[in-house]
Amino acid sequence: MRALDTAATGMAAMDLQVQVIAGNIANMTTTGFKSQRAEFQDLLYEHVQRIGAQASDQGNILPVGIELGSGVKTVGTPRLMTQGTLEQTGNTLDVAIEGDGWFKIQMPDGTFSYTRDGSFQQDSQGRIVNAEGDIVQPTITIPPNSTGLTINQQGQVSVIPAGSTTSTVLGQFTITRFANNAGLQANGSNLFTATVASGQPQDTLAGTDGAGTLQQGYLEQSNVEAVTEISNLIAAQRAYEMNSKVITAADEMLQTTSQLMK
Amino acid sequence: MENALLIGLSRQMALTHELDIIANNIANLNTSGFKADNALFAQYLMPQASDQSFTGQDRRVTYVEDRASWIDMSPGAIQHTGDPLDVAIDGNAYFVVQTPNGQQRYTRNGSFSINSTGQLVTSEGYQVVGDGGPITFQSTDHDVVISPTGMITVREGANANDSARGQLQLVSFANPAQLQKSGGSTFTAPANVTANPAPAGTNVVQGAIEKSNVNGVGEMARLIELTRSYTDVSNILQEQSDERRNSLSQLAQAPTSS
């Protein structure tokens, strides 16, 4: 019975929907997190009687046909790349991007990852690193005992070195843009890597070529909306139940048929 | 006697098809742009055995035949997503998308994204067709705005003025029920059906998506009705079968009693 398989695809899809929602809710307070959404599409149809087929020798055309669908498939879990709200932290090395673009991070193996999480620190050598200790590009080293660390909207990092009264620019953060932000691959720890779908990374500077500007002392909150997630969760749970009812109905019908034989 | 069995069987076959359709509707309860299917049944009159001479009056018997499944093209609920590349249609129209082999398809699912070459595509990777072919974005584009008429404008780099990137093509059909489902929330038009430009007043809504128009409660009610109906037919068949068995056994006893 086809209905059994069809309802099973529905249950599997709703199971995945709940997984995606769980991931979003778990990351509601993760800095720079971008919420995901499961996107579904209907599966292929069996055309038992094709629309537009000839109904008789006189050339009558069937206005409608018989189409039996075979369920649902998950086509993707795109990320909603909207801006999260900026929360003031007051920490001088917290930076948020207001607008499009990503911080470029060098991984220990030399490859590059991209993040919206700008909660940076200094490592033992004074370099600006992310919370995992990976170096923010380009490498900016803060001289010891310097004061007055400022990061302007264009990402220029300047300090007043020890024994000086004027500030010196140490470097400027690289901001990377992608043609398709939703095509980036998430690798955990708030880090993303470029894929064929995202397009080539385009390194630029904050405030130029469509890249956003930076805000020192702020962090970008996750863009998960609790109300949306909960209402989606309710919908997914109910849909799951309904699919299971279809399986029960198909089962009952098969049972009725089998009881005909005595 | 056999007629009763066959008529019951034709009803059960039709009900099984209807169950398949309900199962597909419920499986697609959360599929963006999905349109529900409905089954349509017709009675099929058995041709009269007129070439034979019967002494008694010949009665016609009718069977159930599943005539068609029709697509309910009513609009689904519009859900706000906030994604600038999600577009919902307010009105009776369809987006035009193009498959990699050049076939044009129609969809109400406006969950679009940008592919690696900057083109606006559906989640399956089909190109979204604009008034001048595929809609392509430049790498420095940001702040995408889609107007109610489907005009797409962006800010390019540091430029303070809007740059147009094309207009979403919207089409409508005289009889949308003739469209054929092709999976992936898309429809194809049969050879004799032509797409017309969407009527004036058809708007698109940016940052929203059209949900499936499947009515969960309605489908559940149909499901209950269907299973009950199936059981009823089974009971009739059961009674027919019992009746037949009884009459056979009674007839078998007849010669011994006389």
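Q: How many residues of chain B are in contact with how many residues of chain A?
A: This is a predicted model, in which local features need pLDDT of at least 70, side-chain atom pairs count only at pLDDT 80 or more, and totals for chains, interfaces and linings use all residues. Residues are numbered from 1 along each chain as its sequence is written, while chains are lettered from A and ligands numbered from 1 in the order in which they are written. Two residues are in contact if their C-beta atoms, placed from the backbone, lie within 7 Å. Going by that, chain B puts 58 residues against chain A's 65.

Q: Which element gives the most to the side of chain B that touches chain A?
A: Helices (H or I, at least four residues) and strands (E, at least two) are DSSP runs, numbered from the N terminus. Among the elements supplying at least two residues each are strand 2 (62-71), helix 2 (216-257) and helix 1 (2-27) of chain B. With ten residues, the top contributor is helix 1 of chain B.

Q: How many charged residues does the side of chain B that touches chain A have?
A: Ala, Val, Leu, Ile, Met, Phe, Trp, Tyr, Cys and Pro count as nonpolar, Asp, Glu, Lys and Arg as charged, and the others, Gly among them, as polar. This side has 20 nonpolar and 31 polar residues. The charged ones number seven.

Q: How far apart do the C-alpha centres of domain 1 and domain 2 of chain B lie?
A: The bounds come from an automatic or database domain assignment. In chain B, domain 1 is 1-52 + 216-244 and domain 2 is 78-210. Four residues of domain 1 of chain B are in contact with seven of domain 2 of chain B, yet the C-alpha centres are separated by 39 Å.

Q: What distance does helix 2 of chain A reach from its first C-alpha to its last?
A: Helix 2 of chain A covers residues 226-260, which makes 35 residues. The expected span is 1.5 Å times one less than the number of residues, and here that comes to 51 Å. The model is close to that, at 52 Å.

Q: Which strands are the edge strands of the open sheet with the order 11-12-13 in chain B?
A: Two strands pair if DSSP finds at least two bridges between them. The pairing in this three-stranded sheet is antiparallel, and five bridges join strand 12 (residues 151-156) to strand 13 of chain B. Two strands pair on one side only, and these edges are strand 11 and strand 13 of chain B.
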